[in-house]
Amino acid sequence: MTDFNGGLNGAIGTSNGAKPSTSSNPILDNSFLGSELDLRTAYLSLLSEDEEEVEEEEPVPAVVKSKNAIPDLESKEMFPSLGAPSAPARASAWSSKPAAPATPKSNLVSEIFDYTIPQKTFGAPSIRDAVQQSIKKSGAQIDASSSRISGTVTFIIKGKHDQVAKAKRELISQLSPKGTLTVSVPSSVIGFVLGAKGTKLKTLQTKTCTTINIPKRNEAEDTEDTVLEVSITGDLDGVNLAKAEIEAIVKEKAPKKELKISDIPFNLYPFISGPKNANITQLIGNSGVSLKVPFLVGSGYDEILGDNVERDILIVGDQDSIEAVRQRLVDFSETIQADLRELMVTIPKRRHRFLVGNNGAHLKEIFETTGCFLELPPVSDPSEYVKLRGLEKNLGIAFAEIMKKANSAQVNVLKVQKIHPKYDSNGLDCLYRYLSHSGLIRQIEKKHSVQIHLPQSDSVTKGDIEIVSKESSSVNSAIAELQEVISKLAPSQFDFINVPVELHYFLAGKDRSNVEKIKNESGVVVITSSDSGSNVVLYNSSSDPSSISNVKKSLLDKISAHAEIAEQVIEVSSKYFKRIAGPKETNLHTVLGQVPKAWIKLGNRIQLANTPELRTLGENEILIRGSKSEVEKISKDLTKFIEDAKNYEVLHSYTTELTIPGKFLAHVIGKNGAHMTKYRDTYDVKIDIDKSNEASKGPVKITVQGFEKNANIVKKQILELTEKLNDQTQIKLNIPSKYHRFIIGPGGKYVHRLEEKYGVFIKFPSSDDKEKEESEEAAPQRDVISKDEILVKGGKKGVSEAQAEIIELVEYEKENSQSIKFVVGRTYLPHILGKGGVKITDIKDETSTKIDVDNNSENSEEATITVTGSKANITKAQKLIMAVVKEQESIITQEIEIPNRIHRQLIGPGASKLRQLVTKALGSDIDVAQATSMIHFPKGQESSDIVKIKGQGDLVEKIATELQSVAKELESIVTDTVQVDPSAHASVIGKGGSNLRALQEKFNVEIRVPAKDSNSDLIKISGKPENIESAKAEILAKLPHSSTFTYLKKFHHQLAGHNNFALQSLTLSGSEDNLKQAVQQLEKLYETAKKSSHALRIYVPNSHHRHIIGTGGKVINEIRRATGCEIELPQNGAGRGGRRDNGLFADGIAVVITGPKDQCYNTKEKIVAIVNGAN
C-alpha cells in the first residue's frame, strides 16, 4: 500500500507545481489527476424503445490504431460536452484507439475506456474478479477485452448514468494501487462526518470506494480546539474525492473562534465604532470576521444597561483573521486616544437623565451629530460633573447640544418625607415598589402627560420623586395628585420579608394565583420581584392592622422548607446551549416545572422570561440556583438534555413515515402552513411531504425526521387529525331566517361558543352567497344554502349535539318572541326614555324584553312602542311604561310671587337653604335633588318676582306653602353694619372661614366681610334686629386689643431678647384678657432686671461656647437658674477680638453676664471651670 502523503505526493501535488511521477503506470502518472480523468472518458448513447430494457449492442466497427498518436485534449470533436449525441464519436482517453460511432437510442448510456494492466501485486484481484465484483455492486453491464501487444484492457460499460459511473469507480478502485492520506478534522465536527448511526460515513465510503478511519475520541479531554487526524485509504482518485468532501463538511460545520478584548478603555468604544459604525467596516476589511463594539459601557450607564450586558469587544472568525483585526483595533485605539480632548461641564444631577434619553438615545444622537461622547457619573454618585470627550474642534458644538438637552424639560421634586416624616429607607423602597406595581404612577403619567422618576435604592436623594414635563402646569397638577395619593399611604401599612429572589416566583404561584388569593382573603397586596436583592413587599389595604402580620407569618412558614439557597455550575460548551434549552426554551420549562423554586441561566445569553437577576457567568457555564433540594433535582434532569444536545446530529436523524389520504393534506398543513410551523417549532422536527399525488387526491407520503420520541408524537398527532377529518359530516337545518340572529348572538358570541363547544363549523346564508372563511378542520369545499337553512359541519357526534342545542334554542326563541304594540303621547317620550336612555334601559333589563320606539313620524302627536319577549314580560314592561305616562299626566305648574330681593336668601349658599326647605316640606324620605329641581327661580339679570314650581300636584302644593311661609319670615329681615378695622377682618373670618360660619349659625344671620382691596371697614350683617345686635356684640368682644409697655433701654435685652436694638418700648396686641396677663409678666421681668446692678464681660474661645451652652441649652439654663444671672453669647461669630480678660483667655469672644455683683462673679467662675474642664 502506498502512502499518498509520502511517495505519491508528486502525483497529488502536480497542481502546486511539483514534478509529476515518472511511473509507467498510467493510473499513477499525472494523466490520472483531477478533471483529466473525466476528459478522457467517452460516452456512448444507445437507442431503446423501452427504458427498463437494454437493447442488444450494435457491432463496433474496427478502427486502425496508431501507437504514436497523441489525443488532442482540447479538441471539441474528440471530447464534446456531455449530452451532445450529434457530435462525432470521441477517441478513448486511455489509449490511441478511436471510439466507435454511437447513435442515441434511450436514457441508457455506454462508456468505453482502456486500462493498462499494472504490475501484478500480491493479493490484487484479477481482471475477471474485478469485473464480476463491479457488476454485482453497480448493476451495470460490463464487457472487457485485452490486448497482449499494448498490455491494455478495454472496458465497455452499459446501463443508466449512475450505474455506469459507479461501475467505473469500482473498477478503478479494485485495479489501482492503494494509498493512504490524512485530513485534519476538529473534534466538534466528527459527528457531522459520521452522520446518524454512521450513515453519512458509510455513504461516503461507498461513493468513493475508500476506507475512512476515524480515531477514537477522549470526550473527557475534548474541546472545540481538539483536532483529530482522519485517515483515508483507497485509490488516488477515491482518496482525493473523500478528502474534498470531508474538508467541505469541516468548512461548513467547524465552529468559529471568538476573542474578547477587555484591555481597551471603555471611553474609546464609541470612537472605535465611529458614527453609524463607519470605522467597523474599515477595521474588518475583507477578513470575513464580525466585530462587535458595545456603545455604552461604564458605571454611569448601569441604570440603562443592567448587570448582564456585554462589556467586552467581541471578534468572531477564523484564528488568523481574528489576530489581524485585533492588531488593527489596538493600533487604531492608540491613535484616536492621542487625538481626543476632554471638557468638564457642571449640570444638575436630576437633569442627567435628559442627556441619556431612552436607552441612551440622546447620547447616541449627540455622538452622531457632533462626534463627541458624554461620560456621566454613576447614579449613586452625587457629583454633578459630566465629561465631554472628542476632538477639540467639536467640543464647543457638543457643549451647546448637551445644554439644549439638559434644559429640554421642566423638573420638579416631591419630597416624600415632608408628607410622611416617618418613612425610612426600607419604607421608601416599599412605597416605590407599590406605586409601580399598582399602576398609580402610569395612570398619573398618562393623565397629566408627564414622566415620573422614582429614585433608585442607592440614590443620594432617595426621598425625592422627580416629575418631568415640558409644561409647568402639567408638572404642578401631577405633583398635586401624587401628593394626595402618597398622603393616604402611611408607613404603617407597609412591611417586607427578606426572601431569596429565587423563591419569589414560588411565593407568587403560577400566574400570581397565590398572591391574588391572599389579596382577596385578607386585603394584603404581596409584591414580588425578579431583581436581585429585592424584598417581598406587603401592603395592607384592609382596615385590620393585624392582617399584614398574619400574612407575613404565613409566607415565612411557606418558604421555611426551601430557605436554604444553593447553586451549581455545570461546564458545557456554549455551542450546545440552544439545543439544551430546546425550541422556545421548552426543555428549561420542563425541568423547572410550572412554579419554579430554582432557576437556570445558560451563559449570559439564555434564560427564561421573569427569571430573577442572576450573576454574570463564564461563556461555557450553566448556573442552577434556588432551593437546595430543587437544584439537585434539576441538575439530574438537565444532564439528559445536555447529553442529547451533544449527540443531537445523531439522535435527530431518526425518521418515520406515514401515509394519509390526499384530500386531507390541506388540513394537515394548516392555513398558511400553521400546523407544520407548530410541529417544527414545538417538537424540533423536519417534515417532508411527497405531493406527487396531490392533484389526484391520492395517498400522500409524509416523512418526519427528528428525535425519535418527538417524531413519533408528530406522526401520532397527524394520524389523529386525519382520523378526525375522516369522521367529518354535515347537515342542513331548516331554521327560518328570523331566528338566525338569536343563534349568532351579538358579535357572533353564541355561534362561536357552539363551534368551540362541539368542534363544528356553522355557516349561515349571506345575501351575496359569499362563504364565511372555513375553519382549518372543515372540508375545503363551497356549500350553497338557502336563506332559511343553516349548515353544520364537523365530527358526527359534535354535529348531532350542536343540532340538538340549536333546535332547543330556536324553540326557546319562539316562546320568547311574543310582541305587543301600543301608542303613547309624543310629549311623554323623553320621560319614558330617560336621560341618555337610562330609564328605558332599566325597564328592558328588569323585564328581559326588547323595546323599540317608532319615532319617525315627527308630525304625529303619538309614538308607537313595540315590546318583544315572553308574554308575562311584555305585559310587565307595558305596565312600567304606562306608569311613567300616568305620572307625567299628574304634573302641574304653579306660580307664586316672592320678592326678588329675598330669592338669594331662600336659595342659600350652594342651594343649602333650598334643600332644607324642601326636606321640611316633603319629609326626609324624598329625593331632595329631584324635588329641588322642581323649583325654578328667575335666571340671570331677570328681576321678576315669579317663582315656578313644576311637579306632581300634591308635592307642588306642599313646596309652595313652605316657600311662602319662609319668604314671609325673610321679609322681616334687616341689614346693619359694624365698623371693624380692616386689619382685624381676618380674625373675624377665622381660618378657612370657621369663625364666620360659627357666628352665622349661632345668631342665624348672614355676615358679609368686605374684600381685601376695598379698604372698607364696614361689615354687613343681615337678619332679625335682635340677632344682628347679638352678632355685633360678639364680633366687637373678640376683636384684638393693644397696649404699650415702656422701660429703660438698658434692660431691653432682658425683656425683648438678646439683640442690641435701641428700643425703649414694646407694643402688645391681643384679646383684653391676654393683654392683661402679658403686661403682668413683663412687669415682673422688669423688676427682676432692675435688680441686676452689675454686668461682667469675659472672653471665651468660640470653640468652647458649645460646652457652656450644653445639649439643647441644658448647661447654660442650669447656670441661669442657679445664679439668677443672665448670660448672653454672641451669634454668628459677632464680637470676635483679640482682648484679654485678667489673663484668663486670650483672643476669645465676649460672653456678657448680667445680674447682682456677687452672682455675676459666681457665674464667671462656673463658666471658667467649664472651659478649663473642656481643654
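These exercises work through a predicted model of one protein chain.

## Exercise 1. The chain as a whole

Task: State how many helices and strands the chain has, what share of its residues is buried, and what supplies its exposed area.

Solution.
- Start with the elements. The chain holds 46 helices and 44 strands.
- Turn to burial. Of the 1175 residues, 40% are buried.
- Then take the surface. About 65900 Å² is exposed, and carbon and sulfur atoms supply 49% of it.
- Finish with the contacts. Among those between residues at least 6 apart in sequence, 68% join residues at least 24 apart.

## Exercise 2. An open sheet

Task: Give the strand order of the open sheet of 3 strands, and name its edge strands.

Solution.
- Read the order. It is 12-14-13, and the pairing is antiparallel.
- Pick out the edges. Strand 12 (341-346) and strand 13 (373-375) each pair on one side only.
- Add the twist. From one strand to the next it averages 25°.
- Look at one pairing in detail. Strand 13 and strand 14 (residues 385-390) run antiparallel and are joined by 3 bridges.
- Find a residue in register. F373 has R389 of strand 14 opposite.

F373 returns in Exercise 5.

## Exercise 3. Strand 44 and its partners

Task: Determine how many residues of strand 44 (residues 1149-1155) are buried, which way they point, and which strands pair with strand 44.

Solution.
- Count the buried residues. In strand 44, 7 of 7 are buried, so the strand is mostly covered by the cut-off of under 20% relative accessible area.
- Separate the two faces. I1149, V1151, I1153 and G1155 point one way. A1150, V1152 and T1154 point the other way. All of these residues are buried.
- Take one partner. Strand 42 (residues 1094-1100) runs antiparallel to strand 44, with 7 bridges between them. V1100 has I1149 as its bridge partner in strand 44.
- Take another partner. Strand 43 (residues 1126-1128) pairs with strand 44 over 3 bridges, again in the antiparallel sense. Here E1126 stands opposite T1154.

## Exercise 4. Two ring pairs that share Y539

Task: Classify the Y434 and Y539 pair, then the F494 and Y539 pair, and say which parts of the chain each one links.

Solution.
- Recall what is needed. A pair of aromatic rings is described by the distance of the centres and the angle of the planes.
- Set the scene. The count of aromatic pairs comes to 8.
- Classify Y434 and Y539. Their centres are 4.2 Å apart and their planes stand at 35°, which makes the pair tilted.
- Place both residues. Y434 is in helix 16 (residues 425-438) and Y539 is in strand 20 (residues 536-540), so the pair ties together parts 105 residues apart in sequence.
- Classify F494 and Y539. With centres 5.1 Å apart and planes at 40°, this pair is tilted.
- Place F494. It lies in strand 18 (residues 494-497), and the pair links it to Y539 in strand 20, 45 residues apart.
- Check burial. Y434 is buried, and so is Y539. The relative accessible area of F494 is 9%, so F494 is buried. Y539 counts as buried because its relative accessibility is 7%.

## Exercise 5. A ring cluster and lysines over rings

Task: Name the residues of the ring cluster, and find which rings have K558 and K640 over their faces.

Solution.
- List the cluster. Ring pairs link F271, F295, F367 and F373.
- Locate K558. This lysine lies over the face of F506, 5.1 Å from the ring centre.
- Locate K640. This lysine lies over the face of F641, 5.8 Å from the ring centre.

## Exercise 6. Positive phi outside glycine

Task: For K276 and S848, give phi, name the flanking elements, and decide whether each residue is buried or exposed.

Solution.
- Begin with K276. Its phi is positive, about 55°, although K276 is not a glycine.
- Place K276. It sits in the loop between helix 8 (269-273) and helix 9 (278-284).
- Judge its exposure. The relative accessibility of K276 is 74%, so K276 counts as exposed.
- Go on to S848. Its phi is near 55°, a positive value in a residue other than glycine.
- Place S848. The loop runs between helix 33 (838-847) and strand 32 (850-854).
- Judge its exposure. S848 counts as exposed because its relative accessibility is 57%.

Technical notes
Residues are numbered from 1 along each chain as its sequence is written. This is a predicted model: local features need pLDDT of at least 70, side-chain atom pairs count only at pLDDT 80 or more; totals for chains, interfaces and linings use all residues. Side-chain values use heavy atoms; hydrogens and water are left out. Helices (H or I, at least four residues) and strands (E, at least two) are DSSP runs, numbered from the N terminus. Buried means under 20% relative accessible area, exposed over 50%, partly exposed in between (1.4 Å probe, protein chains only). Contact means heavy atoms within 4.5 Å. Accessible areas come from the Shrake-Rupley method with a 1.4 Å probe; for residues, only the protein chains shown count as cover. Two strands pair if DSSP finds at least two bridges between them. Axes are lines fitted to C-alpha atoms, for helices over the stretch in contact, and angles run from 0 to 180 degrees between N-to-C directions. Rings of Phe, Tyr and Trp (its six-membered ring) pair if their centres lie within 6.5 Å; planes under 30 degrees apart count as stacked, over 60 as edge-to-face and the rest as tilted. A charge sits over a ring if NZ of Lys or CZ of Arg is within 6 Å of the ring centre and within 35 degrees of the ring normal.
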